[in-house]
Amino acid sequence: CNPQITDTTTKGELDSMQLFQLRVSAALALLLCSLAAGRQVSQCAPADSPRLRFVAQLSVNGCALFVHDTGASDGPHLAVEPLMCVTDSLRGIVPRFDFITQQLYFSVPVLMRDAGMLAEAQRQLRHLSPRSVSFATVTNISVSADTRSSIRVLSFLWTPNEPIATLRLRIDENKFHSFIRALRMSKLNLLKNIVPSDFKWIKGQSHLNYLPMETLQNVRLSASIISNGSCHDIQSRIMLQNDSFIEVGLYRKKFLPVCRQLRFSRYVNLENCSARAHQRLDIKGHFLIEPLLCHNISSLSSESVRYDYSRDMHYLKLDLVLQDEATRDAVRTQLADLSPRSVDFMRLWTAERSVSSSLSARFEVGPLMASADWRSAQLRLLCGNWTECRDLKSALLAEPSDLWRHVQWRVTSLVAEQCLSKSSRITSSWRMKPPGRADSCSSLKPCARLQRASARRTAAFQMLPDGRWFLKIQQRLTGRVSFQRNWTEYETGFGDGTDFWIGLSAIHSLSQGGVTLRVEMKLGNGSELHAEYAGFQVGDASTGYRMTYREMLRVRSVSIDSLEHHKGMRFSTMDRDNDEASDSCSNQRVKGGWWFNECLYVNPNGIFKLHFIGLKYMIWTYGSAILSLREMRLMLQI
């Protein structure tokens with residue numbers, strides 16, 4: 001562009017007003033030219049250079065990062081998509097009013113770039129030896145919401161290279177009043193200090209304050225990544241920090257080769273579903289488990305029936321387990337004859353879903369959403385109203401197979417961020433068992449080991465709401481049985497049907513190879529706490545029944561690992577001192593038999609006295625606080 005004065009009159013002959021008008025015209029012309037040039041820069045030809053290759057999804061500070069290889073010849077050079085993450089520091093989104101358009105809207109700050117997160121991504125990607133890791137250059141950004149949603153996207157304001165973008169959303173006027181009624185029913189706060197006269201009835205309502213964050217999950221972003229002079233289309237969704245569930249299959253079009261070095265090994269039946277284990281042919285002794293997609297029925301509660309503010313519908317939230325330590329331990333035990341060196345999970349890549357017409361006629365089944373760490377997933381069943389969701393939840397608790405026989409999956413998994421493995425079997429989220437099946441001691445494999453180790457004792461079993469079976473190895477409910485016992489009694493076991501210790505010899509037999517230990521406690525005030533430890537194992541008599549475990553399962557536990565201080569210790573009793581203290585923990589300072597180190601931090605076998613706090617009593621330490629216990633139970637998963 002080269003705007004010029006085309007009038008034949010010279011500048012000297014123009015009066016001041018005409019000159020001013022010409023200067024304004026020239027400036028506008030230059031501005032339009034620069035905007036046109038900017039559009040030309042942002043546009044690019046379809047990809048004809050090396051294709052962008054998806055290589056990894058990372059979880060950094062609770063946000064999901066998607067990483068691509070640009071395909072450069074001197075690479076690998078890795079490009080990270082814009083974060084599109086609403087962080088905790090950006091929440092608390094209040095409504096605003098546009099006086100020009102007379103519309104109520106929400107202005108949502110969205111994190112697009114962050115130097116700290118990029119540095120952490122570089123650390124996690126070190127195994128790929130990249131030449132560079134940087135945020136991708138993007139163009140042609142467009143944002144939309146689900147057409148069935150009551151949320152409408154007004155605009156997405158972002159200057160490239162800026163860390164924060166602004167997303168403007170509007171609630172559909174036709175659904176605004178039902179939206180507000182639903183918020184009032186749920187006691188959530190949405191709107192506050194709205195001043196326009198048309199909305200004065202909202203002002204001062206204590207139940208209205210913020211935008212429900214769930215509505216953001218219906219917002220989708222489309223953009224193009226510029227790489228090697230070509231454009232590559234991407235799609236993403238707004239995600240919430242530490243609460244991000246990503247639609248499974250978002251990257252199903254990205255090319256990855258099929259895994260050739262995998263061989264199916266065996267099925268492992270869990271209590272409520274099944275696991276499929278494969279052996280890696282290129283790494284000796286390495287086994288991989290397909291993502292489980294098992295329904296965690298214990299998560300069903302009154303809070304499972306929720307409201308989708310964007311769809312103006314109630315739904316039942318179903319939590320699915322993709323991978324967990326307890327399953328890994330169970331599979332490792334079942335593969336013991338193959339001498340596994342390591343057992344890991346594959347990561348879910350896609351899940352092709354088949355829903356029966358009977359189910360789809362009554363309920364809308366939403367997309368499968370996976371957590372950012374790929375350990376869990378969620379599925380929504382949208383109902384006509386709250387009552388339908390409540391009745392569906394009750395039916396599901398009574399007989400889970402009545403629902404899950406209508407939903408089937410065919411899973412494709414990602415192996416080591418390198419190749420894909422497609423399952424040859426259609427799976428269900430619930431194991432279909434014969435009706436009337438009852439588990440007894442004879443049907444549980446550890447029972448034989450238990451009976452050999454301690455034939456005199458009667459096993460006490462407990463099934464949790466999630467369907468897992470545990471065997472109680474210690475229980476204290478009444479205090480009628482003294483736990484101030486000698487070595488022989490702790491080795492062989494003692495107690496009655498209410499308060500008992502099953503015996504170190506039996507615990508050793510039951511924990512060979514590593515099992516999950518569950519600790520259940522009730523405090524003096526009635527509060528209940530629990531903790532689970534994966535890979536729990538007790539050695540034989542020659543080791544002093546040394547206790548160890550792999551890790552505390554934090555998703556199923558209190559936040560502090562108080563047992564860590566006792567890890568690796570031998571067992572001590574009043575007549576056998578194996579602790580690290582200068583005197584005897586069991587006989588002098590603390591009382592009771594346990595895997596003592598220096599007499600701290602837990603003592604489940606201490607003196608039973610309610611509301612007495614001290615190291616010699618039945619206590620569990622939580623940080624700097626010593627908790628007095630009213631009930632205590634130790635159990636091993638079987």
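Two sheets and two unusual residues

Tyrosine 545 lies in the loop between strand E33 (528–538) and strand E34 (547–548). The model in which it is placed is a predicted one. Tyrosine 545 is not a glycine, yet its phi is positive, at about 55°. To see what makes this worth pointing out, recall the usual case: most residues other than glycine have a negative phi. Is tyrosine 545 buried or exposed? Its relative accessibility is 4%, and the cut-off for buried is under 20%, so tyrosine 545 counts as buried.

Asparagine 140 also has a positive phi, near 55°, and it too is a residue other than glycine. Asparagine 140 is found in a strand, E8, which covers residues 137–145. With a relative accessible area of 40%, asparagine 140 is partly exposed. That term applies because 40% falls in between the limits of 20% for buried and 50% for exposed.

The next topic is the sheets. In general, the strands of a sheet pair through backbone hydrogen bonds, and the pairing can be parallel or antiparallel.

One open sheet has 4 strands in the order E15-E16-E17-E21, and its pairing is mixed. Which strands stand at the edges? They are strand E15 (262–269) and strand E21 (342–345). Each has a single partner strand, so one side of each is left without a neighbour in the sheet. From one strand to the next, the twist averages 30°.

Within this sheet, strand E17 (residues 286–289) and E21 run parallel and are joined by 4 bridges. In one of these strand contacts, histidine 286 has serine 342 in E21 as its bridge partner. A helix packs on the sheet as well: helix H4, residues 325–334. Helix H4 touches E15, strand E16 (274–280), E17 and E21. The direction of helix H4 makes about 140° with that of E21.

Another open sheet is formed by 3 strands in the order E22-E26-E27, and here the pairing is antiparallel. Its edge strands are strand E22 (347–355) and strand E27 (419–422), each of which pairs on one side only. Neighbouring strands of this sheet are turned against each other by 20° on average, with direction ignored.

How many bridges join E22 to strand E26? There are 8, and the two strands, E22 and E26 (residues 407–415), run antiparallel. To find a point along this pairing, look for glutamate 352, which stands opposite arginine 410 in E26.

Definitions and conventions
Residues are numbered from 1 along each chain as its sequence is written. This is a predicted model: local features need pLDDT of at least 70, side-chain atom pairs count only at pLDDT 80 or more; totals for chains, interfaces and linings use all residues. Side-chain values use heavy atoms; hydrogens and water are left out. Two strands pair if DSSP finds at least two bridges between them. Axes are lines fitted to C-alpha atoms, for helices over the stretch in contact, and angles run from 0 to 180 degrees between N-to-C directions. Buried means under 20% relative accessible area, exposed over 50%, partly exposed in between (1.4 Å probe, protein chains only). Contact means heavy atoms within 4.5 Å.
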